[in-house]
Amino acid sequence: MSDFLGAGWSAYIALVTLVGIFWCIWLLFSVRKVKAVLRSDGEVADTGHVWDGDLRELNNPLPRWWMWMFLISCIFGLVYLALYPGLGSYPGLLGYSTDGALMNSMTTANDELKPVYAKYVKMDIVDIAADPKAREMGQRLFLNSCAQCHGSDAGGGKGFPNLTDGDWLYGGSPENIKTTIINGRGGVMPPFGAVLNASQVQDVTNYVRSLSGLPADDLKVARGADVFKANCIACHGSDAKGNIALGAPNLTDKTWLYGASEATITETLTKGRVAMMPAQDKVLSSEKIQLLTAYVWGLSNNKPAQVK
Amino acid sequence: MPDTPIGKPIPIDVIEESLYEVRSKIYPRSVGGLFARWRFVLVLATQLLFYGLPWLSWNGRQAVLFDLIARKFYIFGLVLWPQDVIYLTLLLILSALALFLFTAVAGRLFCGYACPQTVYTEIFMWIERKIEGDRFARIRLDGEEWPWSVRKWRIKITKHLVWLLVAFWTGFTFIGYFTPIDTLSAAILHLALGPWQLFWLCFYSFATWGNAGFMREQVCKYMCPYARFQSVMVDKDTFLVTYDKVRGEPRGSRSKSANHESLGLGDCVDCSICVQVCPTGIDIRDGLQYMCIGCGACIDACDQVMEKVEYPKGLIRYTTERAIEDQESNQSAMKHILRPRVLFYTIFISILTTAFLISLATRNPLRVDVMRDRGALAREVDGVRIENIYRIQIMNASEHAMQVSVKASGLKDLKILNSQGKEINEIAVGPASNQLLPIKVSTTIGENDSGNYPIHFDVIAQEMTGEKSILRMREEKSTFIIPR
């Protein structure tokens, strides 16, 4: 109810509305009769108003119920304004609001959907993933809520993980995926631009590329290994295979969230990266999260034919 | 009033007049004749169509069903989707043009014979006549003072019960166009209607009862816009229900044996039967009025009177203003029918109807929408290919299953895969349903410079109509982005 800047505006609008309605009623009654002029020559009375020299205004009366309709409209307006919000910031006797109506219809819709989801609430994620109906529902949920970042095919994009490749920053077990969806994740690669000098950055870049079999300069790789040990193993591990507890990526595989080119890795190293998966627990119901978990898990694990 | 200068009325008295008046009930007298027969035929035809159509079935479903919830309109072999709204537009334009044409040629033919307001009023008046009697019996009955006699109660209750029955059946039929009528009738029999079905059933029953029983001519006089703008479509050569003033005036009663010419009288015997039969309560002898719905009841009535007094028929007849002025016969007035506005309407209607029918006959039931994923520009795959993601929606507006394949072209080395990264096989899309699938389209890095490229998707479908299959095709444009 903060549409108006102050109570004065609200009162002003309410006043204009009410005065308008009562003015209409007054007008209706004040002009329901017209002064007609009986002419000396004829039986036809006119109002005495003449336009363009010869257009006389006659009286062609409306049916009386028409007048009652006007009056009923005014009364309807007053009753409506008493019951519903409309008179300045007065909320109305029924306490209706569009916001409340939306909430109501969402609750109704969720109640209607409950039986559809009920079957899946107690089911195991792996079993849900094998259910074709659940996959369809999961896909629709995914397209609505997840595809904006992860893509319609769940293949991800630069900075947004691919969910189909079986490589998981925070773990690919059903429980891990569910946690990720419910709580979201915040991934941080700290910037090393202030810690490492330019040649050290180049060395680590080459080392990291060599880990996943990309072409690299042997000398720089050797030097980079030392820099890596000194700075990176805390998160990425001494074997550079990452750490799902921290969301630190495995650097030895061919999956690159931001890109594998020397320039991109250099940028990642010097400027760092900040990634965010938003929490969905406030957005999606637990039943929907259950189905989404199964769908996302199924993208890389579930081959329906094998499960059968 | 030649000696009174117009515009300068000489007031002799100033009175107060109300701008509103109580409607005086009209008791149209029944009349038989050519136009009454025509109206009977048209009432029968329109009502057989209206009441009968929802009961027809076609391919195991209701032949005509406007399924608002599923957003599909079934009209015999045709299934229209919201995307086909252009046909509704065309139909409305055609109806409007047809109305213009009819009005230009012969006035308010629609009002007098086919308008639901006239048709239901006619049905209700017929019932009223059967139960209460004709004009004078009805006036006498309504004139009976309170308290009502048992007879009046009985007659009034019977009439309203029969009216309500017709009104209910009309409302029920109307809803039957939007909900399958057999499930609807079952729901009514088991008193298991949904709240909205019940609301609309009551609403349309009430509207029929109120409009045809009580509102009647007031709808035409005060509510219908057509009555008010018809005058711009009517000209001097339009055939209208017209009182032949030249022949009729001066009017007056006379004995049958008298020679009215020597009495200085015209052919109008001033019997006022034309006024008594008028369903809108006007006097046609006052000339063309916006209240005249062109029903021709006064023609039938006047012809009967003319026959009785042995004058030539047609004192009130369908003729044109020009014919009355120039004292022409209707045959020569007919020569003016083909005038520019009539020709223009006719040509325009023919062109539009042809376009409408051709478009409907060649309508492609395969529809495709391609939506590029907006969240991401593009992605690299294995360092060698660049990939864009699309959602493709395939809609099958036919009543047969379709086998659909999708191809993409417009760039060198384009490859198209489904969301699992596999080749897209034939996609089965069920009858009157649609399917959304995410697809990956990729090209080799280095084959094309960076930039935005227009590409197009070719969707080819086999519509399986029993023995043979029909080839359906659609091409849909989109953009492929290769980032720097």
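Me: I'm looking at strand E17 of chain B; which residue there is the bridge partner of B:Val404?
Reply: B:Ala461 is the bridge partner of B:Val404 in E17(B). Keep in mind that this is a predicted model. B:Val404 also stands opposite B:Ile427 in E15(B).

Me: In which sense does E13(B) pair with E17(B), and over how many bridges?
Reply: The two run antiparallel, with eight bridges between E13(B) and E17 (residues 451-465). E13(B) pairs with E15 (residues 427-429) in the antiparallel sense too, over three bridges.

Me: How should I read the side chains along E13 of chain B?
Reply: Start with the general idea: side chains in a regular strand alternate between the two faces of the sheet. Here, in strand E13 (residues 402-409), B:Met402, B:Val404, B:Val406 and B:Ala408 point to one face and are buried. B:Gln403, B:Ser405, B:Lys407 and B:Ser409 point to the other face and are not buried.

Me: And across the chains, which residue of E2(B) is the bridge partner of A:Leu62?
Reply: That's B:Tyr20. The strands involved, E4(A) and E2(B) (residues 20-21), pair in the parallel sense over two bridges.

Me: How many residues of each chain are in contact there?
Reply: Count a contact when backbone-placed C-beta atoms lie within 7 Å. By that cut-off, 39 residues of chain A are in contact with 32 residues of chain B. E1(A) gives the most to chain A's side, with seven residues. By class, that side has 17 nonpolar, 12 polar and 10 charged residues.

Me: What separates the centres of domain 1 and domain 3 in chain A?
Reply: 82 Å, taken over C-alpha atoms. The assignment puts domain 1 at 7-83 and domain 3 at 187-277.

Technical notes
Residues are numbered from 1 along each chain as its sequence is written. Chains are lettered from A and ligands numbered from 1 in the order in which they are written. This is a predicted model: local features need pLDDT of at least 70, side-chain atom pairs count only at pLDDT 80 or more; totals for chains, interfaces and linings use all residues. Two residues are in contact if their C-beta atoms, placed from the backbone, lie within 7 Å. Helices (H or I, at least four residues) and strands (E, at least two) are DSSP runs, numbered from the N terminus. Ala, Val, Leu, Ile, Met, Phe, Trp, Tyr, Cys and Pro count as nonpolar, Asp, Glu, Lys and Arg as charged, and the others, Gly among them, as polar. Two strands pair if DSSP finds at least two bridges between them. Domain bounds come from an automatic or database domain assignment. A residue is buried if 20 or more other C-beta atoms lie within 10 Å of its own, exposed if 12 or fewer, and partly exposed in between; C-beta atoms are placed from the backbone.
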